[in-house]
Structure formats: C-alpha cells, structure tokens
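Reader: Hi, I have a structure open and would like to go through it slowly with you. Could we start with the empty space inside?

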Amino acid sequence: MNRPVRTGKISDEARARIVEAAEEQFRRVGYHRTSVADIAAELGMSPANIYRFFPSRDAINESICGRVVNEVADIAVAIARTNAPATEKLDQLLTAIHRHNKTTLVKAKYMHDLIAAATRENWAIIKSHIERMVIIFEAIIREGVEAREFYVDDTAEAARAVRSAFMPFFHPILIEHCVQHGEDTEAALRDQIRFILKSLGKSG
C-alpha cells in the first residue's frame with residue numbers, strides 16, 4: 001500500500017538526499033542488493049522516515065531510473081538544438097545515444113541492470129522516455145523535410161519507424177547480448193543509420 005508523501009521545499013530537499021544516497025548504493029552494489037534500510041543507514045535515518053518521502057521502494061527505483069534515462073535525453077536534446085543539418089543531427093544523435101548506453105553497460109553495469117529491468121518490466125518511466133525520444137526524432141525529421149533533406153509525408157509515423165529501426169542499438173538487453181557475443185555494434189549501427197536516412201528519402 002502506498003503511503004502519504006510529504007510535499008514542500010524541505011520535503012523536496014529530503015527526497016533529493018534520499019535519491020542521491022540510493023543512487024550511490026545502486027552504483028556500488030546494485031539495486032537488487034540495496035534495501036531501504038541500507039539507504040536509511042547511509043543518511044542516518046530510519047527506514048520509516050524514508051517512507052515519509054517516498055510511497056514505496058518502487059518509487060525510489062523509478063526515481064533513480066529517471067535520472068539515468070534523463071542523461072540520455074539530455075544528450076539527444078543537446079544535439080537536436082545544434083544548427084547542423086537534420087541529416088547530421090539524426091546521425092550524431094543515434095550514434096551518441098548508442099555509445100552512451102553501451103558505455104553504461106561497460107562502466108556502470110549496475111545502472112545498466114536497473115534500466116534493463118525497467119525496460120523488461122515496462123516501467124512507466126521507460127515508456128515516457130521512449131515517447132520523449134520519438135518526439136525528438138520527429139522534430140529533427142520535420143526540420144529535414146522543411147529543408148528538403150528528407151521526403152516523408154507523415155513525420156510522426158517516420159519518427160516511430162526510426163524508433164523501431166534503432167531499437168537494437170537502444171534496448172539495453174539487446175546491446176548487452178551483442179557485447180557478450182563480441183559483435184561489432186559500431187559497424188552494424190553505421191549500416192542501420194545509412195538505412196534509416198535512405199528510408200527518410202535523404203537527398204544527395
């Protein structure tokens with residue numbers, strides 16, 4: 001059962017401290033091995049006090065997951081806001097996201113495991129993240145259409161198609177599978193991006 005959660009500036013600060021401590025624990029030992037008691041001990045408070053600010057353990061998990069996927073979204077937004085041609089933006093964005101996710105697998109395995117579990121279990125935060133990425137794809141595709149770089153009639157449909165085509169290089173479990181089997185994801189990604197751009201009617 002969810003518990004009532006405190007609101008207000010002081011509560012926001014307390015929530016931020018809890019999330020920071022939880023993320024530190026997650027990165028050190030993994031989210032499966034981190035209990036609410038562990039997080040509370042790190043902060044010098046009782047587990048009951050944690051629940052004054054979070055309705056459940058799942059809410060803490062989702063908060064940490066949100067911080068991790070927001071790193072990806074920030075990368076995408078930064079690239080989308082540049083003045084580069086749409087073709088270059090989409091190429092750079094897809095490449096950067098894949099490399100970031102693969103780096104997370106290699107250098108922050110416990111955080112990768114959290115995202116993999118969230119994706120496998122279809123957490124709401126993951127669905128929202130994917131929807132946000134599709135919106136960014138669509139904005140770039142629309143720019144490309146307006147600049148006559150791309151030739152598609154329905155930019156929303158095209159963005160969803162890009163999402164599907166890019167999924168093997170975005171999905172944490174699929175990335176892990178490729179890395180474990182020694183596959184050259186960089187070469188495969190280059191091929192897939194060429195396919196995506198060609199499908200969008202890339203000029204030149």
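Reader: Which residues line the largest cavity?

Author: Keeping in mind that this is a predicted model, the largest cavity is lined by Ile130, Met133, Phe137, Arg163, Phe166, Met167 and Phe170.

Reader: How many nonpolar, polar and charged residues is that, by class?

Author: The lining has 6 nonpolar residues and 1 charged residue, while no polar residues take part in it.

Reader: And which helix gives the largest share of that lining?

Author: That is α7, from which 3 of the lining residues come, although α7 (124–146) and α8 (155–166) each supply at least two.

Reader: How much space lies in there?

Author: About 50 Å³ lies in the largest cavity, and the structure holds 1 cavity of 30 Å³ or more.

Reader: Changing topic, which residues have the most contacts inside the largest nonpolar core?

Author: They are Ile39, Ile50, Cys65 and Leu114, in a core of 30 residues. Helices α1, α2 (36–43), α4 (57–80) and α6 (109–120) each supply at least two residues of this core. A second core, separate from that one, has 29 residues, among them Val72, Ala86, Leu90 and Ile196.

Reader: What is Leu114 in contact with, leaving aside neighbours within four places in sequence?

Author: Leaving those neighbours aside, Leu114 is in contact with Phe26, Tyr31, Asn61, Ile64, Cys65 and Trp123.

Reader: One last residue: is Glu23 buried or exposed?

Author: Glu23 counts as buried because its relative accessible area is 10%, and buried means under 20%. Glu23 has its place in helix α1 (residues 9–29), and, apart from neighbours within four places in sequence, Glu23 is in contact with Ile64, Arg67 and Met111.

Notes:
Residues are numbered from 1 along each chain as its sequence is written. This is a predicted model: local features need pLDDT of at least 70, side-chain atom pairs count only at pLDDT 80 or more; totals for chains, interfaces and linings use all residues. Side-chain values use heavy atoms; hydrogens and water are left out. Helices (H or I, at least four residues) and strands (E, at least two) are DSSP runs, numbered from the N terminus. Buried means under 20% relative accessible area, exposed over 50%, partly exposed in between (1.4 Å probe, protein chains only). Contact means heavy atoms within 4.5 Å. On a 1 Å grid over the protein atoms alone, a cavity is a set of points where a 1.4 Å probe fits but cannot get out, and a pocket is an open set with protein on both sides within 12 Å along at least five of seven lines; lining residues have an atom within 4 Å of a point. Grid points are joined across faces, edges and corners, and a volume is the space filled by probe spheres set on the points. Ala, Val, Leu, Ile, Met, Phe, Trp, Tyr, Cys and Pro count as nonpolar, Asp, Glu, Lys and Arg as charged, and the others, Gly among them, as polar. A nonpolar core is a set of buried Ala, Val, Leu, Ile, Met, Phe, Trp, Tyr and Cys residues joined through side-chain atoms within 4.5 Å.
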